[in-house]
Amino acid sequence: MTSKAEFLTRVERGDLCSGCGGCALASEGAIEMGLSAPGFLRPVQRAAIPEETDRRIAAICPGLGQTLDRQATHDDVLWGPYEEMRTGWASAPELRHAASSGGALSAVLGWLIESGKVEAAVHVAADSDRPTANRVTVSRDAAEIKAAAGSRYAPSAPLAALGSLIARGGRYAFVGKPCDIVALRALARQDARIDACFPVMLSFFCAGVPSLAGADAVLAALGTTPDQVSGFRYRGNGWPGEATATLRDGTARSMSYHDSWGKILSGHVQRRCKICPDGTGKEADLVCADAWQSDARGYPLFTEQEGVSLVVARTPLGRDLMAGAEAAGALTTEGFDVTTLDRMQPGQSGRRRAVLARLAGLRLAGRPIPRYRGLRLAEMARSNTVKGNLRNMLGMFKRVVGTSRRRRKF
Ligand SMILES: Cc1cc2nc3c(=O)[nH]c(=O)nc-3n(C[C@H](O)[C@H](O)[C@H](O)COP(=O)(O)OP(=O)(O)OC[C@H]3O[C@@H](n4cnc5c(N)ncnc54)[C@H](O)[C@@H]3O)c2cc1C
Ligand code: SF4
Ligand code: SF4
């Protein structure tokens with residue numbers, strides 16, 4: 001029997017995998033990503049891994065840690081380093097409508113290809129074999145970019161698909177979850193071909209990835225089953241747009257974003273997301289998010305309207321991309337007051353404040369925890385109340401101990 005890699009043993013003991021696929025890319029065929037219960041993409045080790053490779057993977061695995069070491073014009077304790085923050089949307093109305101929020105991300109991708117800065121975009125679209133699931137796709141023009149626009153609240157392991165692109169060479173824009181970018185940046189420190197192949201790295205704010213069991217629960221609430229479904233959108237076609245299943249008989253069933261994400265999918269998110277110190281793409285060049293408007297009490301409003309993305313340039317390159325796409329007429333932007341972001345994204349700010357306490361809860365339960373450096377978690381925890389920190393620590397402890405007891409009973 002193949003002995004399990006040390007890094008993987010630690011990741012599995014803590015249930016720390018984010019499902020980025022970085023280990024599959026770095027393992028030269030010894031690891032592939034597979035679907036594991038309740039529907040997450042997880043590494044499956046097929047062959048022995050030399051100690052040196054094991055160490056190299058441990059250094060890039062976001063499940064085991066993240067080190068943020070970046071200077072920028074602004075360094076906000078909550079939102080991280082950035083050059084510029086604006087709101088924006090795709091100038092093409094049909095792209096703005098089709099996309100997740102304002103289509104800013106797709107507009108920048110389209111402009112990058114049209115201007116010849118990259119030859120294609122590597123991103124994620126619906127899997128035609130299982131429409132609630134994802135597949136990695138390489139889009140070469142604006143029509144393909146538009147077809148893949150929209151958030152997909154399901155597992156994706158985009159790094160696992162990059163091997164052949166890197167071997168062939170070329171210049172691509174890469175879109176991934178913040179943890180995917182963490183792993184890709186870390187891999188680029190080990191392999192110079194990565195920066196050459198992916199000169200642009202884009203991301204989005206990320207509250208977490210739900211399992212495919214979450215998508216099945218949405219289908220059940222819509223009164224259907226996976227085998228009856230020929231297409232599935234988590235949102236888009238409006239802002240926020242509805243979760244919509246197209247059935248094989250040609251009919252469609254929909255559910256609001258508030259009900260699909262808020263009442264179902266958010267309850268199926270993996271553990272690593274609950275201790276994520278960086279759901280806002282601190283290592284990407286450019287990051288987009290929902291520029292939600294809020295009500296008088298500060299809660300985000302999910303009433304349908306024309307989409308608006310928050311556009312965060314985290315690097316000088318990201319700032320140039322925002323300006324270049326706008327100058328070419330692909331993107332429209334407006335000024336943004338960063339002090340309103342806490343109200344706009346309460347989930348992100350609440351989690352940042354809770355991460356240190358949750359890590360303490362995991363430790364208390366005897367589990368390994370990721371090594372986070374440069375992410376200002378102590379400052380964030382100090383801005384939380386003592387009661388809030390205790391609640392998060394004990395909540396995580398009880399959840400972990402409860403899960404192990406339930407597992408032992410079976
Ligand atoms: C799992 C998840 C959690 C999110 N959590 C938040 C949040 O907490 N707060 C917030 O403001 N926004 C969140 N978003 C992002 C938000 O839904 C929009 O993607 C963002 O506002 C950008 O919108 P856009 O219209 O500019 O992007 P679009 O123009 O619609 O482009 C979206 C791009 O993201 C890619 N993509 C979609 N899903 C995935 C995926 N699973 N993995 C990798 N790439 C993908 C698509 O291929 C496309 O290129 C989340 C998105 C996802 C997928
Ligand atoms: S987080 Fe990424 S690199 Fe780490 S084990 Fe999971 S898939 Fe592999
Ligand atoms: S919440 Fe964090 S760990 Fe989870 S998928 Fe998003 S970026 Fe990755």
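## Two cores and a small sheet

Let's start inside this predicted model: its largest nonpolar core has 90 residues, of which Phe7, Leu162, Phe198 and Leu310 touch the most other members. Here, a nonpolar core is a set of buried Ala, Val, Leu, Ile, Met, Phe, Trp, Tyr and Cys residues joined through side-chain atoms within 4.5 Å, and buried means under 20% relative accessible area (1.4 Å probe, protein chains only). Helix α8 (residues 178-190) gives this core its largest share, 6 residues. There's also a second, separate core of 25 residues, with Leu105, Leu109, Cys288 and Leu321 among them.

Back to Leu310: leaving out residues up to four places away in sequence, its contacts (heavy atoms within 4.5 Å) include Met85, Phe205, Cys288 and Phe336.

Now for the sheet. It's an open one of 3 strands in the order β11-β12-β13, with antiparallel pairing; two strands pair if DSSP finds at least two bridges between them. Helices (H or I, at least four residues) and strands (E, at least two) are DSSP runs, numbered from the N terminus.

| Strand | Residues |
|---|---|
| β11 | 229-233 |
| β12 | 243-247 |
| β13 | 252-255 |

β11 and β13 are the edge strands, each pairing on one side only. Between β11 and β12 there are 4 bridges, and Arg233 has Thr244 in β12 as its bridge partner. Helix α10 (residues 212-221) packs on the sheet and touches β11, β12 and β13.

Residues are numbered from 1 along each chain as its sequence is written, and chains are lettered from A and ligands numbered from 1 in the order in which they are written. Local features need pLDDT of at least 70, side-chain atom pairs count only at pLDDT 80 or more, and totals for chains, interfaces and linings use all residues, while side-chain values use heavy atoms, with hydrogens and water left out.

How values were computed: Buried means under 20% relative accessible area, exposed over 50%, partly exposed in between (1.4 Å probe, protein chains only). Axes are lines fitted to C-alpha atoms, for helices over the stretch in contact, and angles run from 0 to 180 degrees between N-to-C directions.
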